[in-house]
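Here's a walk through one protein model, region by region. Have the structure open and follow along.

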Amino acid sequence: MRLKPHLPLLFVMLAATLPGSAATMDNPLYGDPAHPNFSGMWNPEFVYLGPPPGSTPGAAPAFPPRPPAGAGGAAPPPFAPPPVPELTGPYAKRFAAWQKAFESGTQEPDTVTRCLAFGIARFGTMPVEIIQTPGQITMNLGVIHDIRRIFLDGIGHTTGADPSFNGDSVGHWEGDTLVVETNNIRAATLDRNGVPYSDKLTVVERIHLINPKRLEIEMTLTDPEAFKAPFTIKRAYVPMPKGSRFEEYVCENNQDI
């Protein structure tokens with residue numbers, strides 16, 4: 001029997017927590033006391049992934065926003081998808097065609113549903129393990145074998161590489177903020193709702209550890225071909241429970257192989 005991918009399950013089934021786990025080692029690989037250490041297991045506070053495949057247009061999202069503080073058992077406020085960039089003419093037409101095909105049920109599955117990759121704009125929509133070592137920060141989603149590498153070795157961008165979903169990322173420190181510049185990005189979408197970007201996209205991220213319980217990332221996307229103006233996404237992350245570990249996730253298990 002063919003099993004269809006159900007992306008929302010990724011968010012709630014990514015990790016197992018080990019009760020009574022041993023104390024964490026004291027940064028055995030991290031060797032840069034002059035800068036913050038982002039290492040750890042981080043969970044996004046809230047993420048909108050776009051409508052589930054086959055859902056009724058206008059249906060409630062898989063993860064509605066939390067009620068405001070002090071609301072008790074009150075229902076969450078009406079949901080509104082997050083803002084999207086203003087698209088140039090050709091890309092606005094492409095997005096309109098995507099939406100029409102989605103509503104008719106003829107839209108092809110996106111890259112995540114096809115077990116490819118999230119792409120840099122969607123990478124931060126899932127729980128992430130950050131491993132910070134001298135000269136490099138590695139971000140592991142634990143799903144679809146999706147990994148980002150941010151190089152801090154001073155060499156600069158890779159030359160001659162093919163465009164990739166996560167692009168080529170190099171970082172430098174500005175005080176306690178890590179500034180990451182990414183280029184050579186493969187065309188993809190901002191979310192499962194189909195908002196497109198081109199292979200001209202470049203991204204600048206500012207990553208800041210507010211305190212041990214909160215990591216914030218501001219991502220500015222510039223795409224002169226698809227966007228009329230740069231577009232900024234802000235995300236915040238909180239630690240996953242102590243002892244959390246990613247379980248094996250093989251996307252192809254959802255398909256006939």
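## Strand β2 and its two partners

Let's start with β2, residues 40-44, which runs antiparallel to β3 and is joined to it by 3 bridges. Strands here are DSSP runs of E at least two residues long, helices are runs of H or I of at least four, and both are numbered from the N terminus. Two strands count as paired if DSSP finds at least two bridges between them. Across from M41 you'll find E129 of β3. β2 also pairs with β12 (residues 231-239), again in the antiparallel sense and over 3 bridges. There, W42 has P239 of β12 as its bridge partner.

Before going further, a word on what you're looking at: this is a predicted model, where local features need pLDDT of at least 70 and side-chain atom pairs count only at pLDDT 80 or more, while totals for chains, interfaces and linings use all residues. Residues are numbered from 1 along each chain as its sequence is written, and side-chain values use heavy atoms, with hydrogens and water left out.

## The nonpolar cores

Which residues touch the most other members of the largest nonpolar core? They are F38, I130, M139 and I207, in a core of 23 residues. At least two residues of this core come from each of β3 (128-133), β4 (136-140), β7 (177-183) and β11 (214-222). Another core, of 20 residues, lies apart from it, with A121, F165, A188 and L201 among its members. A core here is a set of buried Ala, Val, Leu, Ile, Met, Phe, Trp, Tyr and Cys residues joined through side-chain atoms within 4.5 Å. Buried means under 20% relative accessible area, exposed means over 50%, and partly exposed is in between (1.4 Å probe, protein chains only).

Zoom in on I130. Skipping its neighbours within four places in sequence, I130 is in contact (heavy atoms within 4.5 Å) with F38, S39, G40, W42, I137, T138, M139 and L215.

## Helix α2, inside and out

Helix α2 covers residues 89-104, and its 16 residues should span 22 Å at 1.5 Å a residue; the end C-alpha atoms are 23 Å apart, which agrees. The expected span is 1.5 Å times one less than the number of residues.

Y91, F95, W98, A101 and F102 of α2 are buried. They sit on the same side of α2, because they cover an arc of only 125 degrees around the axis, taken from the directions from the helix axis to the C-beta atoms. β9 (196-197) is included in what covers these buried residues. K93, K100 and E103, on the other side of α2, are exposed. Right after the helix comes G105, with a positive phi near 85 degrees.

## Two polar side chains with company

S169 is in strand β6, residues 168-174, and it counts as buried at 1% relative accessibility. Which side chains make polar contacts with S169? R148 does so at 2.9 Å, and T182 at 2.6 Å. A polar contact is a pair of N or O atoms within 3.5 Å; within protein, one must be able to donate a hydrogen and the other to accept it, and residues adjacent in sequence count only if both atoms are side-chain atoms.

D146 is in the loop between β4 and β5 and is buried, with a relative accessible area of 4%. A polar atom of its side chain lies 3.1 Å from the backbone nitrogen of F118, and the D146 side chain also makes a polar contact of 3.0 Å with the side chain of N166. Its contacts beyond four places in sequence include A117, F123 and M139. The C-alpha atoms of D146 and F165 are separated by 9.6 Å, with their positions 19 residues apart along the chain.The loop between β4 and β5 also holds G142, which is buried at 15% relative accessibility. The C-alpha atoms of G142 and V250 are 9.4 Å from each other, though the two residues are 108 residues apart along the chain.

## Two positive phi angles

Most residues other than glycine have a negative phi. C115 is not a glycine, yet its phi is positive, about 65 degrees. C115 is in the loop between α2 and α3 (120-123) and is buried, with a relative accessible area of 11%.

N184 is another residue other than glycine with a positive phi, near 55 degrees. Look for N184 in the loop between β7 and β8 (188-189); with a relative accessible area of 26%, N184 is partly exposed.
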